[in-house]
Amino acid sequence: QSAGSLPLGVGISLGVLPWVRGVPRGAGRCSPAGAPGALPPGGYRAWRERAARDPAGFWADVARGWLRWDSPFHTAWQPGDTAGSARWFLGGRLNVSVNCLDQHVEKSPNRVALIWERDEPGTAVHVTYRELQDLTCRLANTLKKYGIQKGDRVAIYMSVSPLSVAAMLACARIGAVHTVVFAGFSAESLAGRIMDSGCKAVITYNQGVRGGRTIELKATVDEAVKNCPSIKHVFVAQRTDNKVHMGDRDIPLEEEMTKADSTCIPESMDSEDVLFMLYTSGSTGKPKGIVHTQAGYLLYAALTHKYVFDYQQGDVFGCVADIGWITGHSYVVYGPLCNGATSVLFESTPVYPDPGRYWEVVQRLKINQFYGAPTAIRLLLNYGEEWVKKYDRSSLRVLGSETGGICIAPRPSEEEAEIVPAMAMRPFFGIVPVLMDENGEVIEGNDVSGALCIAQPWPGMARTIHGDHQRFIDAYFKAYPGYYFTGDGAYRSHEGYYQITGRMDDVINISGHRLGTAEIEDAMADHPEVPETAVVGYPHKIKGEGAFAFIVLKEQTARVDHIKEELKTIVASKIAKYAVPDHILVVKRLPKTRSGKIMRRLLRKVITEQSSNMGDVTTLDDPSVVKEILDAYQKYKEKNSS
């Protein structure tokens with residue numbers, strides 16, 4: 001098979017797909033190290049070309065120059081004999097926390113590692129690399145004191161803070177696997193993630209603070225761990241002065257850290273040992289524990305941070321994502337700290353205390369790169385430009401919109417190269433995008449659209465889904481055998497640039513939160529009077545996408561509005577408040593194929609008012625259901641617009 005040509009006229013034939021081909025003996029073997037933090041000689045175009053043509057050699061050179069190794073790797077890349085089984089930097093050993101802390105402490109101990117922009121404006125806290133190392137080592141030794149060892153899983157349920165970053169790095173230092181759970185998830189969602197991953201401990205705060213409100217984190221953990229027998233200890237830090245209940249397995253974290261040694265010998269980890277698991281929603285309803293490993297993930301996060309954002313030493317890098325998401329992992333913590341950067345931790349919201357918060361922070365902290373969610377930008381558009389123009393933004397050099405492991409971006413590019421609005425544009429080093437048609441064939445040429453796939457492994461890609469590698473294969477490699485399917489559709493322009501056109505599966509993105517529609521449906525299915533539900537995404541001017549639920553009731557009832565409110569409460573408690581559908585429409589039945597599969601694309605057509613182009617409905621068990629749903633939707637729309 002051919003993976004087609006690269007954009008920008010490089011035109012490289014890849015031959016046999018590298019997911020499954022063998023590597024010649026000695027390929028990617030170590031040679032003398034290059035300059036730290038630098039790529040081999042050449043320019044961006046040359047690096048892209050080499051990374052596509054000779055991934056083993058390219059990444060070997062980069063890894064030797066970028067990361068600090070305990071033991072050198074002997075083989076940079078082993079594709080494996082099946083899709084999704086590629087391995088990187090075999091034989092190499094390192095510690096991620098050493099790369100993020102110790103190497104910088106040795107050179108510049110007083111360089112600021114983190115600027116904690118706390119919820120209240122004007123109360124920022126600066127943390128140096130030496131201080132962060134001290135915090136990390138004390139926390140690591142505390143975990144070890146209570147029996148946490150290499151390979152154990154630890155849940156982190158904390159708001160954004162230096163201590164939450166130290167918790168991640170402390171796990172990395174002793175070889176434990178962290179799974180950070182966004183501190184807005186419900187107790188049931190937290191419990192599900194703890195049970196699936198088999199966590200031995202939870203690290204949390206007594207409370208969180210966000211947007212002027214306090215969030216009961218410890219109370220949520222208490223509710224969650226009632227059903228989690230694997231949890232032996234809950235480490236509780238203090239974000240506020242308020243007292244919370246402390247039970248038999250609860251440990252006051254700061255109190256224990258003051259007793260702990262400030263030196264912790266780092267565990268030497270194999271390149272392919274697990275660094276962390278992070279749960280993401282899937283179309284089957286059950287969240288997926290995505291597994292990332294040590295060296296490949298760290299290298300890719302650091303390299304994209306450096307080149308996509310044009311990070312220069314001395315810059316203040318401001319990614320305002322929560323650490324509970326992969327964006328926060330990659331571009332608040334691991335990428336910036338590996339590069340010795342000063343990284344901003346943003347605890348608040350974009351509209352607290354007013355809609356000028358982001359730009360006031362930019363002015364006060366003199367932020368050079370700002371990386372924010374499109375949801376927040378859309379929200380701020382409603383407040384007008386005066387909140388932006390009120391502040392000095394002259395320090396800003398790069399603006400970015402959020403993703404977690406950058407594969408396609410306008411930068412890096414040559415100095416004179418253009419940036420096209422609303423386009424991802426250029427593949428990063430080692431990313432070989434292809435567009436596929438409905439028959440699974442590669443679409444050649446430009447000015448074409450198709451399913452966006454990647455034809456070649458890269459070091460930062462996930463390795464598996466915890467406990468279910470077949471699900472990993474099914475999710476990312478089954479749709480287009482031999483290719484990694486991103487789940488997105490894309491357009492390749494006349495110039496060879498890429499533009500993302502939207503999701504192609506049953507995952508929606510609500511305010512930056514990826515959520516499987518089946519996850520919402522599963523929650524709503526708990527209601528005794530609602531036997532069937534179908535949830536689809538629709539364009540939302542603030543959130544990007546919203547959830548629209550169609551429900552079937554067991555029998556006609558006057559309690560419809562009450563049932564809808566009960567459903568919203570169920571979703572909020574089982575998942576999170578952001579997952580609650582914006583609209584719930586009662587229908588007599590759902591559109592199903594003869595085999596019983598719900599045709600959600602027809603429901604999307606209805607709510608996006610494209611009913612004149614329903615496409616092929618011949619597989620419907622009863623095509624008259626479409627008119628039924630259209631009529632119900634029109635009545636619902638008229639009622640809610642009056």
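**Helix packing, sheet order and loop positions in a predicted model**

The axes of helix α17 (residues 600–607) and helix α18 (residues 625–641) cross at roughly 35 degrees and come within 10 Å. This description, like everything that follows, refers to a predicted model. The α17–α18 crossing is right-handed. On the α17 side, the contact is made by Leu-602, Leu-603, Val-606 and Ile-607, which meet Val-626, Ile-629, Leu-630 and Tyr-633 of α18. A helix has 3.6 residues a turn, so positions three or four places apart point the same way.

The loop between these two helices, α17 and α18, holds Glu-609. With a relative accessible area of 45%, Glu-609 is partly exposed, because that value falls between the 20% limit for buried and the 50% limit for exposed residues. Once neighbours within four places in sequence are set aside, Glu-609 is in contact with Tyr-633 and Lys-637. Tyr-633 is also one of the α18 residues that α17 meets. For a sense of distance across the model, the C-alpha atoms of Glu-609 and Ala-260 are separated by 62 Å, with their positions 349 residues apart along the chain.

Turning to the sheets, one open sheet has 6 strands in the order β5-β4-β17-β16-β18-β19, and its pairing is mixed. Its edges are formed by β5 (125–128) and β19 (398–401), each of which pairs on one side only. On average, neighbouring strands in this sheet are turned by 20 degrees against each other, direction ignored.

Strand β18 offers a convenient view of the pairing in this sheet. Strand β16 (residues 316–319) pairs with β18 in the parallel sense over 3 bridges, and Cys-319 stands opposite Tyr-371 in β18. Towards the edge strand, β18 (residues 369–372) and β19 are also paired in the parallel sense, over 4 bridges. Here Phe-370 has Leu-399 of β19 as its bridge partner, while Gly-372 is partnered by Ser-401. Gln-369 and Tyr-371 point one way from β18, Phe-370 and Gly-372 point the other way, and all are buried.

Helix α5 lies across β4 (112–117), β5 and β17 (342–346), and runs at about 135 degrees to β4. This helix spans residues 162–174, 13 residues in total, and reaches 18 Å from its first C-alpha to its last, close to the 18 Å expected at 1.5 Å a residue. The helix is mostly covered, with 13 of its 13 residues buried. After α5 comes Gly-175, whose phi is positive, near 85 degrees.

Nonpolar side chains in soluble globular proteins tend to be buried together. In this model, the largest nonpolar core has 155 residues, and those touching the most other members are Phe-89, Leu-139, Ile-203, Tyr-334 and Leu-337. Not counting residues up to four places away in sequence, Leu-337 touches Asn-99, Cys-100, His-104, Ala-113, Leu-114, Tyr-129, Leu-132, Val-165 and Leu-169. A second, separate core of 23 residues includes Val-536, Phe-548, Phe-550 and Leu-620.

Elsewhere, strand β14 (residues 274–280) has 6 of its 7 residues buried, so β14 is largely enclosed by the rest of the structure. Its pairing with strand β15 (residues 288–293) is antiparallel and runs over 6 bridges. Within this pair, Lys-288 of β15 is the bridge partner of Thr-280.

Two further loop residues round out the picture. Arg-249 is found in the loop between β11 (233–237) and β12 (250–252), and is partly exposed, with a relative accessible area of 30%. Beyond residues up to four places away in sequence, Arg-249 touches Val-225, Lys-226, Cys-228, Ile-231, Lys-232, His-233 and Val-234. Arg-249 and His-126 are 123 residues apart in sequence, and their C-alpha atoms are 32 Å apart in space. Asp-506 has its place in the loop between β26 (498–503) and β27 (507–510). Asp-506 is likewise partly exposed, at a relative accessible area of 24%. The C-alpha atoms of Asp-506 and Ala-518, 12 residues apart along the chain, are separated by 7.6 Å.

Conventions. Residues are numbered from 1 along each chain as its sequence is written. This is a predicted model: local features need pLDDT of at least 70, side-chain atom pairs count only at pLDDT 80 or more; totals for chains, interfaces and linings use all residues. Side-chain values use heavy atoms; hydrogens and water are left out. The expected span of a helix is 1.5 Å times one less than its number of residues. Buried means under 20% relative accessible area, exposed over 50%, partly exposed in between (1.4 Å probe, protein chains only). A nonpolar core is a set of buried Ala, Val, Leu, Ile, Met, Phe, Trp, Tyr and Cys residues joined through side-chain atoms within 4.5 Å. Contact means heavy atoms within 4.5 Å. Two strands pair if DSSP finds at least two bridges between them. Axes are lines fitted to C-alpha atoms, for helices over the stretch in contact, and angles run from 0 to 180 degrees between N-to-C directions. A crossing is left-handed if the near helix is turned anticlockwise from the far one by less than a right angle, and right-handed if clockwise.
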